[in-house]
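Good morning, colleagues. Please bring up the sequence and the structure, and I shall take you through selected features in turn.

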Amino acid sequence: REKFNIKDEMVLPFEVVPVLTIPEFGEAAAEKVCAQLKIQSQNDKVKLEQAKKLTYLKGFTDGVMIVGKYSGQKVQDAKPLIKKDLLDSGEALVYFEPEKQVMSRSGDECVVALTDQWYLTYGEEEWLAKTSKALEQLDTFKMPEVKNGFAHTLGWMRQWACSRSFGLGTLLPWDEE
């Protein structure tokens with residue numbers, strides 16, 4: 001805080017406002033994980049990244065909303081509904097920004113642009129049920145971690161881009177753009 005001339009009275013006392021609960025971490029997941037990992041400050045970048053990965057993934061896949069209109073619903077189900085509500089009311093707009101610099105396989109820096117894309121809806125219930133059933137029958141040659149990896153991915157993947165409008169990628173025959 002000293003570096004940015006932030007005085008204690010500007011930020012203290014700081015109280016966590018719970019909006020979701022995660023079975024493994026409770027209602028204050030970030031606070032609990034930071035304590036578990038013994039994170040001392042914003043300068044513990046490696047530990048903070050680890051904490052973020054833990055809480056974001058668990059929060060999305062296992063978290064349950066505890067406030068508002070969607071209280072009691074799983075975060076992964078409530079998130080698109082909340083997004084729609086906010087967009088429809090004009091309280092939000094869609095904004096994408098990469099978390100870090102994006103590099104191509106050839107080592108060139110990429111310029112990321114938001115373009116219209118086609119998505120496969122992996123979260124559709126009928127498809128997901130059929131795929132989960134097929135996964136149960138899948139022979140992974142006595143490597144349970146492979147099956148667990150697939151099951152984990154099915155748990156969080158809802159939409160995945162299947163086309164691109166330029167560069168390498170798949171053009172879909174019915175898309176005239």
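**Salt bridges and helix packing**

Let me begin with Asp-88, which is exposed, with a relative accessible area of 56%. The cut-off for that label is over 50%. Please bear in mind throughout that this is a predicted model.

The side chain of Asp-88 meets that of Lys-84 in a salt bridge, at 2.5 Å from N to O. Both residues belong to helix H4, where they are four residues apart, about one turn of the helix. Lys-84 has a relative accessibility of 48%, so it counts as partly exposed.

How many salt bridges does a search of the whole structure find? The search finds five, and I shall discuss two others besides the pair in H4.

One of them joins Glu-24 to Lys-58, with the closest N and O atoms 3.3 Å apart. Glu-24 sits in the loop between S1 and helix H2 (29–36), whereas Lys-58 is in helix H3, so this salt bridge ties together parts that are 34 residues apart in sequence. As for accessibility, Glu-24 is partly exposed at a relative accessible area of 45%, and Lys-58 is also partly exposed, at 27%.

Lys-58 takes part in a further salt bridge, this time with the side chain of Asp-62, at 3.9 Å from N to O. Here the two partners are about one helical turn from each other, because they are four residues apart in helix H3. Asp-62 is partly exposed, with a relative accessibility of 30%. Taken together, Glu-24, Lys-58 and Asp-62 are linked in a network of salt bridges.

Let us now turn to the packing of helices. Helix H3 comprises residues 45–62, and its axis lies 6 Å from that of H4, with a packing angle of about 90°. The two helices, H3 and H4, are therefore roughly perpendicular, since the range for that term is 65 to 115 degrees. Which residues meet where H3 and H4 pack? From H3 there are Gly-59, Phe-60 and Thr-61, and these meet Val-75, Gln-76 and Lys-79 in H4.

Gln-76 deserves a closer look. This residue is found in helix H4, which spans residues 75–89. Is Gln-76 buried or exposed? Gln-76 is buried, because its relative accessible area is 11% and the label applies under 20%. Leaving aside neighbours within four places in sequence, Gln-76 is in contact with Phe-60 and Thr-61, and also with Gly-155 and Arg-158.

A second helix pair is formed by H5, residues 125–137, and H6, residues 144–156, whose axes come within 11 Å and cross at roughly 170°. H5 is thus roughly antiparallel to H6, a term that applies to angles over 145 degrees. On the H5 side, the contact is made by Trp-127, Leu-128, Thr-131, Ser-132, Leu-135 and Glu-136. On the H6 side, the residues are Lys-147, Phe-150, Ala-151 and Leu-154.

Moving along the chain, we reach Met-157, in the loop between H6 and strand S4 (159–161). With a relative accessibility of 13%, Met-157 counts as buried. What separates the C-alpha atoms of Met-157 and Tyr-122? The separation is 6.4 Å, although the two residues are 35 residues apart along the chain. Tyr-122 is also in contact with Met-157, as is Gly-123, when neighbours within four places in sequence are left aside.

For another pair, consider Gly-107, in the loop between H4 and strand S3 (119–121). Gly-107 is 50 residues from Leu-57 along the chain, and their C-alpha atoms are separated by 28 Å. Gly-107 counts as partly exposed, at 44% relative accessibility.

Finally, I turn to the surface. A nonpolar patch there is formed by Phe-4, Ile-6, Met-10, Val-11, Leu-12, Phe-14 and Val-16, which together have about 690 Å² of accessible area. Of these residues, let me single out Val-16, placed in the loop between helix H1 (8–11) and strand S1 (20–21). Val-16 is partly exposed, its relative accessible area being 38%.

To recapitulate, H3 and H4 pack at about 90°, H5 and H6 cross at roughly 170°, and Glu-24, Lys-58 and Asp-62 are linked in a salt-bridge network. Thank you for your attention.

Technical notes
Residues numbered from 1 in each chain as written. Predicted model: local features only at pLDDT ≥ 70, side-chain atom pairs only at ≥ 80, totals over all residues. Heavy atoms only, no water. Buried < 20%, exposed > 50% of the residue type's maximum accessible area, 1.4 Å probe, protein only. Contact = heavy atoms within 4.5 Å. Patch = residues over 30% accessible without salt bridge, like charges linked within 9 Å, V, L, I, M, F, W, Y side chains within 5 Å. Areas by Shrake-Rupley, 256 points an atom, 1.4 Å probe, with all protein chains shown as cover. Salt bridge = Lys/Arg side-chain N within 4 Å of Asp/Glu carboxyl O. Axes fitted to C-alpha atoms, helices over the stretch in contact; angles between N-to-C directions. Parallel < 35°, antiparallel > 145°, perpendicular 65-115°, else oblique.
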